[in-house]
Amino acid sequence: MDLLQLQGKNIVVMGVANERSIAWGIAKRLFDVGANVIFTYRKERSKGKIEKLLANYSEHTTAIVECDVNSDESIKKAFQEIGETFQVIHGIVHSVAFANAEDLHNRFVETTRDGYAFAQDTSAYSLIAVAKAAKPYLAEGSSIVTMSYLGAERVLEGYNVMGVAKAALEASMRYLAADIGADNIRVNAISAGAIRTLAAKGVPSFNQILHKIEETAPLKRNTNQEEVADMTIVMLSHLSRGVTGETIYIDSGYHIMG
Ligand code: NAD
């Protein structure tokens with residue numbers, strides 16, 4: 001019995017920078033369950049990395065499309081190209097975020113207007129822009145999943161402007177879910193625990209966070225790319241068809257602790 005119903009489905013995965021990316025973990029699992037994976041990238045360097053990673057997956061249907069989420073034009077062009085090539089999209093993984101390094105290192109009170117707007121634009125508004133551009137091609141029953149972090153609701157050292165952006169991302173996810181739910185499209189967030197990736201390198205005190213989670217979380221360990229990928233697969237699949245507007249924590253239970 002095909003419980004997931006992801007075989008042959010067209011899933012857009014945004015945010016693979018290298019093999020450590022959360023999005024790459026998800027893409028690998030999507031290949032495992034027989035989905036077609038369409039990658040989007042911002043920098044040529046990421047495109048090269050994706051092409052290399054795909055060398056071992058030559059038997060799978062893929063495409064690699066440029067998409068800079070800071071540009072409406074780029075997003076529109078990307079989804080038009082994907083829509084014209086694949087006709088229909090069954091799922092989107094939005095695994096994209098960015099903030100200026102100084103806004104993570106400086107005191108929060110020093111956050112600049114530009115830095116605030118940039119983090120919001122890249123990390124929160126992009127979800128809405130992507131949903132809008134993809135909407136004409138999204139199948140009935142399709143699912144959008146975005147990646148959030150506990151910094152959305154708690155003050156975490158060094159997360160600063162990105163925490164505010166993640167709060168906006170989670171709220172945007174709920175408003176989108178309420179809006180496009182009538183078209184039978186679901187929108188959810190995964191709140192992943194700390195994982196060593198390129199983006200995580202930019203967060204000061206990341207190593208301390210990893211240690212703290214290991215000591216405090218109910219499971220006494222950190223999560224990893226595979227665990228986050230598995231739950232994302234569930235959220236993209238038929239198994240989660242009754243769930244929308246939800247933030248799901250894959251963090252060894254860390255968020256429940258005082
Ligand atoms: P990553 O650096 O591998 O991925 C971030 C991706 O965002 C990169 O591929 C980058 O190219 C892309 N990106 C940035 N600006 C972009 C733009 N303007 N247009 C298109 N793409 C752009 O790091 P990751 O940890 O895999 O991050 C993926 C998501 O997971 C992010 O939203 C991040 O905040 C979230 N997250 C990460 C952790 C963690 O500890 N690593 C925890 C919770 C949530």
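Contact, in this report, means that heavy atoms lie within 4.5 Å of each other, and the structure described with its help is a predicted model.

With that definition in hand, helix H2, which spans residues 44-53, can be considered. Its buried residues are Ser46, Ile50 and Leu53, and because they cover an arc of only 60 degrees around the axis, they are placed on the same side of H2. These buried residues pack against helix H1 (22-32), strand S2 (36-41) and strand S3 (62-66), whereas the face of H2 turned away from the buried side carries the exposed residues Glu44, Arg45 and Lys52.

Strand S4, made up of residues 89-94, has six of its six residues buried, and it is therefore largely enclosed by the rest of the structure. The table sets out the strands to which S4 is joined.

| Strand joined to S4 | Bridges | Direction | Residues facing each other |
|---|---|---|---|
| S1 (residues 10-14) | Four bridges | parallel | methionine 14 and histidine 94 |
| S5 (residues 138-148) | Five bridges | parallel | isoleucine 144 and isoleucine 92 |

In the pairing with S1, histidine 94 is the residue of S4 that stands opposite methionine 14, while in the pairing with S5, isoleucine 92 has isoleucine 144 as its bridge partner.

A single residue can be followed in a similar way. Serine 74 belongs to helix H3, which covers residues 72-86, and is serine 74 buried or exposed? Its relative accessibility is 15%, so serine 74 counts as buried, given that the cut-off for buried is under 20%. When its neighbours within four places in sequence are left aside, serine 74 is in contact with Glu66, Cys67 and Asp68.

How values were computed
Residues are numbered from 1 along each chain as its sequence is written. This is a predicted model: local features need pLDDT of at least 70, side-chain atom pairs count only at pLDDT 80 or more; totals for chains, interfaces and linings use all residues. Side-chain values use heavy atoms; hydrogens and water are left out. Buried means under 20% relative accessible area, exposed over 50%, partly exposed in between (1.4 Å probe, protein chains only). Helices (H or I, at least four residues) and strands (E, at least two) are DSSP runs, numbered from the N terminus. Two strands pair if DSSP finds at least two bridges between them. The arc is that of the directions from the helix axis to the C-beta atoms.
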